[in-house]
Amino acid sequence: MLDFPSSFALITPELILIGTGLVLLLVAAWVGDKAARAVTIVAASALFVAGLFTIPGLHLGVDGPDSYAFGTLLKVDSFALFSKALIYLAGIGALVVAPAFFNGPAASSERGLRAEYPVLILFATVGMSIMVSASDFMTLYMGLELNSLAAYVLAAILRKDERSTEAGLKYFVLGALASGILLYGMSLLYGFTGGTDFASVRAGLEGELSTGQLFGLIFVMAGLAFKISAVPFHMWTPDVYEGAPTPVTLFFATAPKVAAVALTARVVFEVFGGQVQAWQQIVMFTALASIVFGALGAIGQDNLKRLLAYSSINNVGFILLGLAVATPAGASSMLVYLFIYVVMSLGSFTALLLLRGEDGNLFETFGDIAGLAVTRPAIAWALLVFMFSLAGIPPLLGFYSKFVVFQAVVDADLVVFAAIAIAASVIGAFYYIKFVKVMFFDEPAGVATGKAETSHWVLLGICAVIVSPLGYLLTGSLTDLTNKAASSLFLAI
């Protein structure tokens, strides 16, 4: 018999977000865009409150039978709570930077902040919360589609902007294809194992895999690879990142990445955990291909958002490298990297939002940031910190994220793969250093002279401090949390 009180208690964050989202949806319908700023503040507050409810479970650890809700449909363990906390953090960041972008001096009636924007962020966040807690393929797909449907609209939210509309359409078409591939893989697994919950499918995959089961595994992995924009399913990322509004790009680069990576980790360990040899080679190839292609693809880019899209592909490769190790230490390093990556991405895109002219128009190319150290030194130094951190240059915190992943890979006797990844990371450092060269040594362009809101500076400052050497003070607590999360993920193995 289902224990509904305990189940609802476990999904308190989701209930808060769903209730707030439904109320704000009615407000948006009745009041319209005049209430957009108030709706945004309430949505950010709801995400903050939902995040507070993850703290007790993160501190004490929630594992075993007590972590299941509604039978075996959801699993709210330490791993899910850690992932949710990161998702809510990214969602708050996407809401904080939105009003200044949409309602800037250059904003038109078509571009102004719409009340639907924060509502879509909330519902996308609910979908991602379900994704990271899913322990059944039915709930997995429901969460994935709830997130995806909101994301398609977010990408095309500037209806009069051709780039935004194109980004939304590309994302929708390729996302539908990936969802179809994933759904077909799930149907194959159901047909060959007789169940949809992760435990049943895992039991049905014991022993030697049949051809149908192997194809099901491959299709599921392919669908998930699209969601995390890993090579060779990365083709949508540069176009969508460039065309979508910058606050939406910030959101895409952080929250959905966390959800998709967490979902992939849960599936490979809890469903395919008994067939490590079958998926480990796939993940390792995808990881190394993403690292190399992300590094090489970014070299010729002039648009900063497009370059950061290739950077995200590169960083996903390092995250998957920790996953491919298939050990608790590897999973823990993956989560450490994920946390630091989210902070670096929030800071990087917030810095791009500060590159605006007196008329409020944003600048997105290398030519626009030429000599930025002279005209806007604070932005230039912040970008230097984030780019060097993304490159993994010590003593910034980005170095620590790569170090823990490489350590896990070497400890697993995968030294060759670690060497390839290190070589590729050196290649990737080229385009990060290009930022510094253009900002500090080129003649000033003098175009990014517009003022920015205090909220942008606050978010930029917080991210810069975390990424700086001061961030190492957090590594002890962070490692404890990621170890707990990784342990809960490996209970089924």
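Where do Lys-170 and Glu-166 lie, and how many residues apart are they? Both belong to helix H9 (residues 162-193), at a separation of 4 residues, about one turn of the helix. The views below come from a predicted model.

**View 1. Confidence along the predicted chain.** The protein chain has a mean pLDDT of 86. Of its residues, 95% reach 70 or more. Helix H7 (residues 116-133) has the highest confidence, at a mean of 93. Confidence is lowest in helix H4 (residues 55-60), where the mean is 78. Where pLDDT is low, predicted coordinates should not be read in detail.

**View 2. A salt bridge within helix H9.** Lys-170 pairs with Glu-166 through their side chains, at 2.9 Å from N to O. The two residues sit 4 apart in H9. Lys-170 has a relative accessible area of 29%, so this residue counts as partly exposed. Glu-166 is also partly exposed, because its relative accessibility is 41%.

**View 3. Arg-306 and Asp-239 bridge two helices.** Their side chains form a salt bridge, with N and O 3.0 Å apart. The pair links distant parts of the chain. Arg-306 is in helix H15 (residues 304-324), and Asp-239 is in helix H12 (residues 237-243). In sequence, 67 residues separate them. Arg-306 is buried, at 19% relative accessible area, under the 20% cut-off. Asp-239 is partly exposed, at 25%.

**View 4. A salt bridge from Glu-242 to Arg-306.** The closest N and O atoms of Glu-242 and Arg-306 are 2.9 Å apart. This pair, too, links distant parts of the chain: Glu-242 belongs to H12, Arg-306 to H15, and their positions lie 64 residues apart in the numbering. Arg-306 thus appears in salt bridges with Asp-239 and with Glu-242.

**View 5. The salt-bridge network.** Six side chains take part: Arg-163, Glu-166, Lys-170, Asp-239, Glu-242 and Arg-306 are linked in a network of salt bridges. The network includes the Lys-170 to Glu-166 pair of View 2. Arg-306 and both of its acidic partners in Views 3 and 4 are members as well. Across the model, the count comes to 12 salt bridges.

**View 6. Helix H8 and its N-terminal cap.** Helix H8 (residues 137-155) contains 19 residues. From first C-alpha to last, H8 reaches 26 Å, close to the expected 27 Å. The helix is mostly covered, with 14 of its 19 residues buried. Asp-136 caps the N-terminal end of H8. A side-chain oxygen of Asp-136 lies 2.8 Å from the backbone nitrogen of Met-138.

How values were computed:
Residues are numbered from 1 along each chain as its sequence is written. This is a predicted model: local features need pLDDT of at least 70, side-chain atom pairs count only at pLDDT 80 or more; totals for chains, interfaces and linings use all residues. Side-chain values use heavy atoms; hydrogens and water are left out. pLDDT is the predictor's confidence in each residue, from 0 to 100. Buried means under 20% relative accessible area, exposed over 50%, partly exposed in between (1.4 Å probe, protein chains only). The expected span of a helix is 1.5 Å times one less than its number of residues. A polar contact is a pair of N or O atoms within 3.5 Å; within protein, one must be able to donate a hydrogen and the other to accept it, and residues adjacent in sequence count only if both atoms are side-chain atoms.
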